[in-house]
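Let's take a look around a protein together. Have the sequence and the 3D view open as you read.

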Amino acid sequence: MSKILIINAGSSSIKWNLFSEKLNVEAKGVAQRIKMATGILSLDFKGQKEDIEMPLPTFLDTVKKLVSLWKERGIIADFSEIKQVAFRIVNGGPNLQSTSEVTEKTISYLKESLDLAPVHNPGALEAILAFREYLPKAKMTMHFDTSFHKTLPEIAYTYPINKKIASELNVRKYGFHGLNHHYIALKTAEILNKKSVNAVSLHIGNGASLCAIQDGKSIDTSMGFTPLAGIMMGTRSGDVDPSVIPYIMKHKNLTIDEAMKLLNEESGMLGVSQVSSDIRDIHKVRGENSQAQFAMNLYVTRIADYLITYLNKIEGKIDAIVFTAGIGENDDYVREQVINKIHLLNLKIDKTANENRNFKDYKLISTKESELPIFVIKAEEEMYIAKEASEFFKK
C-alpha cells in the first residue's frame, strides 16, 4: 500500500501526517523536544492518542524511532510502503521558489538559505538528511512557504534600500504561510464556484500574515524578508521603526542576537500584555487587566490596518475576506473586532454564525447586508502539500 508522508520540521520538532494513496489521513503526530533531555512522541491513530517520553538526541534518532513506532503500532507494515516524503520548508531563498525534488543540488541551495529562516530551516534540513538516510528508496520533495508569493510584483517585494546591497544579499520580501494562503485561494474559488478569486486571506495564528490575492495569485503579503515583519503576533513585534533596534541595543547594552530575540520571542502579545503569547490566556484576564485588554486592542488594530490596505490593493470586484489558522478559525471575538474597525466598507458579521464552532471545513460569517462575504476556512496545509506531492512526479 503506497503512502505519502508529510513532514513539517522546526528547530526541535517534527510534525508529521501520513496519507494513503487516496489522500486520506491514516495517522498523524509530532515529535517534540528533540535534542533535549527528554523527548516526546505524540501519536494519533484510529482515534487513539498517546504520548511517549523517550530520549530524542538527534533528528536521525528521532526518525528511526518514529518509523519503528509506526511498525509497532501497525501504521505501516514495511518501510517500503512510504513511497513519498514531502517536506514543508519555510524559505528556500532565491534559488528555491517552486516545489522541488530533493537532490544534492537542492539540498545545497537549502544550506545556502539557512540564515533566511534560522529558526525553521536548520531543523528542516536535518529532517531531510535523516529521512534520506532511513528511507533511501522514497521519492522526496520540498514545498516552500514562499512559493505562492513568487508572483509578487517588483513594487511589492522591493525594499527602498540601496539597490546594489539588496541585490548582492538577496534582500527582498519573500512572504510566508504561502502553502495555506494558496490553499485558501483555491478553496474560496471552489466555494464560490469560480475559476479564481480576488480575496484577502488572514492567516492568524501565533505567527500571522495577511495576503492580498488577485486572480488567484499573491500580489502582496504582510511578512517580509523574514517572518518578523507585518502584523503584531504572539511573540513577534511585527512592523517597527528600524531605528528602534539600535536604540534599544545602545541603551540596554544588547548584542544584535539579543535584540532580535527580543523582537522575535519577547514582543507581540507577550511583550505588550506582559501576560502571555497565547490569546486564550489574554481572554481570561482582559476583563480585569487593562494592559491585557490594551494588547488585544493593539493586536486587532494592526490586523485591521493591513486588511483595509490589502482590500485597496486588489483591482476589480473583491470576492471574499477569509479568516484562517488557529486564531482566525477559533476566535470569534478577534474576527468581530477586526471587522468592526473597517469603516470604509459596510461589513456586517452574523453574530450567531460567527460564534458557531460546529462547522466542517468552512463557514460564512457575514450577513446578507454585508458589502463583502466573510468566510472562516480551516487551514489544510498538510492536505495541500499531499496533493501537490502526489501530482509532482506524475508531471
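## A marked residue in a loop

Start with Asp-145, which you'll find in the loop that runs between β8 (139–144) and α4 (154–157). Keep in mind as you look that this is a predicted model. Why pick this residue? UniProt, in an unreviewed entry, puts the feature "active site" at Asp-145.

Is Asp-145 buried or exposed? Its relative accessible area is just 1%, and buried means under 20%, so Asp-145 counts as buried.

What does Asp-145 touch, once you set aside its neighbours within four places in sequence? Its contacts include Arg-88, Ile-89 and Val-90. Then there is a run from the other side of it in the sequence: Gly-175, Phe-176, His-177, Gly-178 and Leu-179. Glu-381 is in contact with Asp-145 too.

## Two residues with an unusual angle

Now for a bit of backbone geometry. Most residues other than glycine have a negative phi. Lys-46 goes the other way: its phi is positive, near 55°, and it isn't a glycine. You can spot Lys-46 in the loop between β4 (39–45) and β5 (48–54). With 70% relative accessibility, Lys-46 counts as exposed, because the mark for exposed is over 50%.

Asn-193 is another case, with a positive phi of about 55° despite not being a glycine. Look for Asn-193 in the loop between α6 (178–192) and β9 (199–204). Asn-193 has a relative accessible area of 73%, so it is exposed.

## Zooming out

How many helices and strands does the protein have? There are 15 helices and 14 strands. Along the principal axes, the C-alpha atoms fill a box of roughly 60 × 55 × 45 Å.

Is the overall size what you'd expect of a compact globule, or not? A compact globule of 395 residues would have a radius of gyration near 21 Å, and the protein has 21 Å, so the two agree. Of the 395 residues, 50% are buried. And if you take the contacts with a separation of 6 or more, 61% of them join residues 24 or more positions apart.

## Surface and charge

The accessible surface adds up to about 19,200 Å², and 50% of it belongs to carbon and sulfur atoms.

As for charges, the protein has 50 positive and 48 negative ones. How far apart are their mean positions? The answer is 3 Å.

Key: Residues numbered from 1 in each chain as written. Predicted model: local features only at pLDDT ≥ 70, side-chain atom pairs only at ≥ 80, totals over all residues. Heavy atoms only, no water. Helix = DSSP H or I, 4+ residues; strand = E, 2+ residues; numbered from the N terminus. Rg over C-alpha atoms; globule rule 2.2 N^0.38 Å. Buried < 20%, exposed > 50% of the residue type's maximum accessible area, 1.4 Å probe, protein only. Contact = heavy atoms within 4.5 Å. Areas by Shrake-Rupley, 256 points an atom, 1.4 Å probe, with all protein chains shown as cover. Lys, Arg positive; Asp, Glu negative; His and termini not counted. Charge placed at Lys NZ, Arg CZ, Asp CG, Glu CD. UniProt positions renumbered as here; feature names shortened; annotations may be inferred.
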